[in-house]
Amino acid sequence: MEQSNFFAISNTLQHWYEKNKRELPWRETNDPYIIWISEVILQQTRVNQGYDYFVRFIRRFPNIKALAEASEEDVLKQWQGLGYYSRARNLHAAAKQIEECFHGEFPKKYPDILSLKGVGEYTAAAIMSIAYRAPFAVIDGNVLRVISRLFMIDEPVDTARGKKTIAEIAQTILDPQHPDIHNQAIMDFGATLCKPKQPKCAECPLQAHCLAFAKNAVSKYPVKNKSTKTTKRYFHYFHIVYNNHTYIRKREANDIWKNLYEFPLIETPTSSTFPELQNTEAFCRIFKENRSIVFTHKLHIKHMLSHQIIYTDFYEAKIPASENFSLSNGFQKIPIDNISDFPVSRLIHKYLEKF
Ligand code: SF4
């Protein structure tokens, strides 16, 4: 493809963006802190869902200092329901890093931004281009798809070679005068027009430049090598109501939802009935001599994460105040109404919304 075509692609994208862009608070600023927070929230989260979180997060932590000085529990609480909690933990750690290593000033150089905890090439390029108008092309899933279709990239995009090819093309078509607009335009274009399924080719302003469209091969791109492996897990939660109190515990293992709170949990390798659960060692350990308490099955949820499906059963036990009840050590007994003070996973949140 000729150089003039690269200009034409970028011009067309920018023109399309000016007419179609959504008015969003992080687009009205070049403050790197705001851009950073918005980019992290929008990773793996749709704009509609992320919008309210962004507004709440910025209201609670309006600058680097406020975020660095907050407790991790507070940060996780603001993040509750968004998923991928390592993003929140990394934001918090990186804010402290900026306070300690960069005198509280958001770094301006690409390697310094890349050195922040949790910041990868995509986020660093987004901050460099949008906040500082430096010519760094961003490559997220949307950009990758648009480029692979426009240029019919046959190398699988999930291989090092495929990624390198896409990165080179992304940098070539970038408008160095307006990297901020170009980058936001191509990402928005991929999210709303050149979508993974049923792209809107009929109304696409880049149709004349698109090799995949010309060859009637849009559905073949992007080419991928591996299919994602998904693990199935089986969770059983026990919601105990005793004297207006319930029991929770902080997850501490290096697993999903580290440092979030949850009800007593038993995880089994396959799906299990309640009588089967009662015979497990974990059940004896948690409930000790209270093994005969009556549980009611309240809810079954199939909870999807990026690489895991968690089949979850929630059981509830209402224990009369007259009974002498306690759980094994390691659980916190809290007033039921106080549970909203603790950060919990989206899965627990779904249950609490219903009961
Ligand atoms: Fe994407 Fe279709 Fe436009 Fe090609 S013609 S860039 S596949 S929307």
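In which loop does S272 lie? In this predicted model, where local features need pLDDT of at least 70, side-chain atom pairs count only at pLDDT 80 or more and totals for chains, interfaces and linings use all residues, residues are numbered from 1 along each chain as its sequence is written. Side-chain values use heavy atoms, with hydrogens and water left out.

S272 is found in the loop between strand 4 (265–268) and helix 13 (274–278); helices (H or I, at least four residues) and strands (E, at least two) are DSSP runs numbered from the N terminus. S272 is buried, with a relative accessible area of 17%, where buried means under 20% relative accessible area, exposed over 50% and partly exposed in between (1.4 Å probe, protein chains only). The side chain of S272 makes a polar contact with the side chain of T268 (3.4 Å), and also reaches the backbone oxygen of T270 at 3.4 Å. A polar contact is a pair of N or O atoms within 3.5 Å; within protein, one must be able to donate a hydrogen and the other to accept it, and residues adjacent in sequence count only if both atoms are side-chain atoms.

The protein as a whole has 15 helices and 7 strands, and buried residues make up 50% of its 355 residues. Helix 9 (residues 141–150) is mostly covered, with 9 of its 10 residues buried; among them are N142, R145 and L150. At the start of helix 9, a side-chain oxygen of D140 comes to within 3.1 Å of the backbone nitrogen of N142. M152, which follows helix 9, has a positive phi, near 45°.

The residues around the ligand (those with a heavy atom within 4 Å of it) include R149, C194, C201 and F213. This shell divides into 7 nonpolar, no polar and 1 charged residues. Ala, Val, Leu, Ile, Met, Phe, Trp, Tyr, Cys and Pro count as nonpolar, Asp, Glu, Lys and Arg as charged, and the others, Gly among them, as polar.

The second largest pocket has a volume of about 210 Å³. A pocket is an open set of points on a 1 Å grid over the protein atoms alone, where a 1.4 Å probe fits, with protein on both sides within 12 Å along at least five of seven lines; lining residues have an atom within 4 Å of a point. Grid points are joined across faces, edges and corners, and the volume is the space filled by probe spheres set on the points. Of the 13 lining residues, R27, T29, R133, D180 and Q184 are the closest to the centre of this pocket. Helix 11 gives the most to the lining, with 3 residues.
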